[in-house]
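Here is a short report on packing and burial. Look at the sequence and the structure first, then read on.

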Amino acid sequence: MSQHQTPPKDLPEAPSTALTPAGITRRGFLKGAGITAAGTALIEGVQVFQREAVAAAPQNVKEFGPEPFPVTLQINGKAHALQIEPRTTLAEALRIQLNMTGTKVSCDRGVCSSCTVWLDKMPVNSCMTLAIDAVGHHVTTIEGISAADEMHPVQAAFVRHDALQCGFCTPGMVMSCAALLEKNPHPTEADVRYAVSGNLCRCGTYPKVFAATLDAAGQLASKA
Amino acid sequence: MATHTPHSLPDAPLSAATEAAAATKIVSMPIGIPGYTLHEEQRTVPASEPPVLPVNSDLNFIGKSLPRWDGRAKVTGSARYTADVQLPGMLYACFVNSSLPHARVLSVDTTAAESHPGVKGVHVIEQVFGNAVLRDPSLERSKLPIVRYAGQPIAAVAAVSPQAAEEAAAKVKVKYEPLPFVVDADLAREPNAPLVFPGAADQAGTAGGGGSEGGIPQTGNVHGPAVRKQGDAEQGFKDADVIVDARYTTQVQTHSALETHGVVADWKPDLLTVYASTQGTASVREELAGYFKIPKSQVRVITEYMGGGFGAKFGAGNPGVVAATLSRKTGAPVRLMLDREEEHLSVGNRPSSDQRLRIGAKKDGTITAIQLISFGTAGCGTGAGCAGPATNLYKWATLHVEENDVFINAGPAAAFRAPGHPQGAFALEQSIDELAARLNMEPLDLRDRIDENPVRRVQRKIIRESAIWKSRNPRPNADPGPIKRGVGLSQSIWYRHLTMNCGAEVRVHKDGSVEVLSAVQDIGSGIKTVLAQILAEQFGVEAAKISVKIGDTNYPVGPNSGGSVTTASLTPAVRDAAWQAARKFLASVAPALGAMPSDLTLSGGMVRSASGKFQPLAFRAAAAKMNVDEVSAQAKRIPDYDPKKYDTYGGIDVAEVAVDTEAGRIHVKHVLSVHDCGRPINPAQVISQINGGVIQGISYTLFEHRLLDPNYGLMVNANLDKYKIAGSYEVPQVEVQLTESYIGQSSTDASGIGEAAGIISVGAAIGNAFHNATGVRIRQLPMTPAVVLAALNQPQPSMESL
């Protein structure tokens, strides 16, 4: 069991190590797993985070918790100061502590991607990402991908194409599709299928998700 | 059993007809399918009914694919679902569930849980909802409910955080007396199998169907048979020139809606407010008022947004009753949302089936006899009947049906999108194809012979002319290589179920704003948009500007959304209310316009004077002249204009598959889905539902399978990582053709699509396509690679005789 220590005062001091020489920690596992189902770049994503983790492999590890301690999360361009327990997932911090409930939780296991948010534009499953691991990254949620009164082109295309039914998977779908267009402005339908391959929709709205995303890409291309 | 006869679903018929019988009028209504069979027929309707709507092409808002009314809220994340509700001081609750599949609970020690930091309340459950109930309760004496499946809730804990609740729940000590259990439906039928119930037990159906009728015999774990005989089937088989006889099996499927079951309950002395993820605000209120013995007027149920429901979300259920109890105990609002594992275990599933189906026919295809003997398990519930398609899809001379439920120690089934029909159609529609082959008839020709439904007839014509059907090689197993292509079809059927007990209020305000209020909930099928379109058509106001207030029992009672009843039931009441509100509106502006109300009309968004007293005036400008601040009208559903006619819906699905005969994989490449739902009010939304039915049907056919470990009685794949549902890679090209079909039954002439589309027919369409590809029949679901390879390596001939 970890001993309680003085909480970190500022962002850079928050622990960011996931790998220890001994192997993979629970948090490290979560870090990698958080990326797996969220779509665009499974292998690439894991590599990015492993590189960072290995590079930061520290000499003296700080431990925090189990009591809550203060962190600051950068969400949709704003700094939010929170008290979190180390076990708090990013989804819990968003939904419960910040009442940003656009991000949904459906399986709580990283397989349905309803909880997809971006960490520095990388789609991740926020149910499998610890809030503490989001410290120092820019978090973007469904509430933040567009300006207040405007819809993101992907959101607008979803409405035009009726690419939603009950809507519970929709924020995650939108985040995966919008992330795809960030990286690949000219996707094929196969690219869209790949981007949402981790996003489950029980209403079965996929055909219109594909059409809407391709349409949004077209609209963005014609504006560019 | 879920053998649906038309009009058998919810609610007693309303006697409004007799009340209003005095004043009627004769109107001429469009009937049939534009481009094929459209004509006019006369109907006698109450004089108070609004004018007959023309066909969709002559309307401005109804029949148009307008954007989903709440689309923006859903894509931006501002839509608030039950899972998102946070109230001041709200507690988080979770269940303590049974770890054993069958046990007597001797004691529940909550001491340690109660002293856990953050815990505010613990409740030991005294009545479990969902399970079948013993007819004679004295057969079983137990202080606490007997555990009949692993995952059955036993107690619940409410705490200040979800983590604290989970930690405390782990400290609840349950002392069990384990009982012998059985989780395999075949073993459960054996004479000495452990008994799930010590005597006969029944599960009531819900607004979505399912359950069983009372009085059915029970022997051991076998609850049945429910028998239906018409004519002498044995003679029918003697009269037959050809008999096809085969056994089909289908698996248990879980609903797996993305928002789990759950509520936020806020108990106050004068009012219990419950936010519920439900398909029926009315059903939740009913159950809570009944359980707590409080007046319905003191229960308010709110469902603003709802994250998916496929039949299992009716009533308050265990989460609703327990959350309300904990809220009463703690004096704080309590949130109780199930986790994904609980969702798989305890709140419903589609029963399995094991069917022996015999069909006898004359050389010309005329069916002389159908016999279906089915066994299926609905866990510790009932409702595994699957004879709907065999009974209702085609003409037969004689019929013999026996449906049996087999109890096992697993979570109770619940209504699931077209209860019984995907199972039944999987068998029937493959056997019909087999019959066609035996008779040297084309599948469509045989169906033309035995199905007189005029809409299906047009749909078969559309299929005949389609590229996908024309591409079908009638000779099975024609491709020489390891990847074999095949095309097959299946029909589906559903019924015109109605909930008469529903209504709406429409208000018009002096500022020109218009609102509609109904307790109906939008479960994702788009009723909000549909209601906005009906008001838009009446008032000539943009649909997006109509204020749609639904999902709250403070408004007039709405239909529970099950059995495809919502649109068919509610829209006529809404149109009637809109029409009456418009009349009141005209009366309220008449004085200022210096006209008699009878001289005024409202159409295309303009108030006009028939006598030309003034230039047409825009609705909004006219509203400013109202002599009151608001006019409003409420209307209830009135009976169908001619209920003797047209009581089925359906369609035909054609699947094109590529079978990898080496790997055993079936790739569904393309589905053509031709379906009808009366007047489609928003075609885009109807197509969305059909896409969903097709994809859910593929998922059921190829992947989904609830697996129970026979040694421990536990479900081994109770999350979405191991319970595979179709994802983006499994989605074929889905091509939908709506059959716009007028039947002259109500002021909107609309109906639902949820059940009829895809889910019923895709399994058999894939089965028939597989046969077309390989020459082999698969009579087992799901068609996993192992099942496919086994079938290819050991083709099972049908039990053909004669």
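Which residue follows α3(A), and what is the sign of its phi? N99(A) comes after α3(A), and its phi is positive, near 55°. This is a predicted model, and the values below are computed from it.

**Chain A**

Chain A holds seven helices and seven strands. Along the sequence they run β-β-α-α-β-β-α-β-β-β-α-α-α-α. Of the 224 residues in chain A, 54% are buried. Take the contacts in chain A between residues at least 6 apart in sequence: 61% of them join residues at least 24 apart.

Helix α3 of chain A spans residues 90–97. Its buried residues are L90(A), A91(A), A93(A), L94(A) and R95(A). Their cover includes four strands of chain A: β3 (69–75), β4 (78–84), β5 (116–119) and β7 (138–140). Chain B contributes to that cover too, with β17 (334–337).

**Two helix pairs**

The table sets out one pair from chain A and one from chain B.

| Helix pair | Residues | Axis distance | Angle | Citation |
|---|---|---|---|---|
| α4(A) and α7(A) | 153–161 and 206–223 | 8 Å apart | about 130° | |
| α18(B) and α19(B) | 683–702 and 762–774 | within 8 Å | roughly 60° | |

At about 130°, α4(A) and α7(A) are therefore oblique to each other. Their crossing is right-handed. On the α4(A) side, the contact is made by P153(A), V154(A), A157(A), F158(A), R160(A) and H161(A). On the α7(A) side, the residues include K208(A), V209(A), A212(A), D215(A), A216(A) and L220(A). By type, the contact residues are nine nonpolar, three polar and three charged.

In chain B, the angle of roughly 60° makes α18(B) and α19(B) oblique to each other as well. α18(B) also passes α19(B) in a right-handed crossing. From α18(B), V694(B), G697(B), I698(B), T701(B) and L702(B) take part. They meet V762(B), G763(B) and I766(B) of α19(B). This contact divides into five nonpolar residues, three polar and no charged.

**Nonpolar cores**

In soluble globular proteins, nonpolar side chains tend to be buried together. The largest nonpolar core here has 65 residues. Within it, I359(B), I766(B) and M783(B) touch the most other members. Helix α11 of chain B (residues 421–438) supplies the largest share of this core, seven residues. Another core, of 54 residues, lies apart from it, with C107(A), F158(A), V174(A) and L181(A) among its members.

What does M783(B) touch, leaving aside its neighbours within four places in sequence? Its contacts are F426(B), I666(B), T701(B), L702(B), G763(B), I766(B), G767(B), I778(B) and V788(B). T701(B), L702(B), G763(B) and I766(B) also belong to the contact of α18(B) with α19(B).

**A buried strand residue**

I550(B) sits in strand β25 of chain B, residues 547–550. Is I550(B) buried or exposed? Its relative accessibility is 9%, so I550(B) counts as buried. Beyond its neighbours within four places in sequence, I550(B) contacts S518(B), V520(B), Q521(B), D522(B), I527(B), K528(B), L531(B) and Y555(B). L399(B) is 151 residues from I550(B) in sequence, and their C-alpha atoms are 44 Å apart.

How values were computed. Residues numbered from 1 in each chain as written. Chains lettered and ligands numbered in written order. Predicted model: local features only at pLDDT ≥ 70, side-chain atom pairs only at ≥ 80, totals over all residues. Heavy atoms only, no water. Core = buried A, V, L, I, M, F, W, Y, C linked by side-chain atoms within 4.5 Å. Buried < 20%, exposed > 50% of the residue type's maximum accessible area, 1.4 Å probe, protein only. Helix = DSSP H or I, 4+ residues; strand = E, 2+ residues; numbered from the N terminus. Contact = heavy atoms within 4.5 Å. Axes fitted to C-alpha atoms, helices over the stretch in contact; angles between N-to-C directions. Parallel < 35°, antiparallel > 145°, perpendicular 65-115°, else oblique. Left-handed = near helix turned anticlockwise from the far one by under 90°. Nonpolar A, V, L, I, M, F, W, Y, C, P; charged D, E, K, R; others polar.
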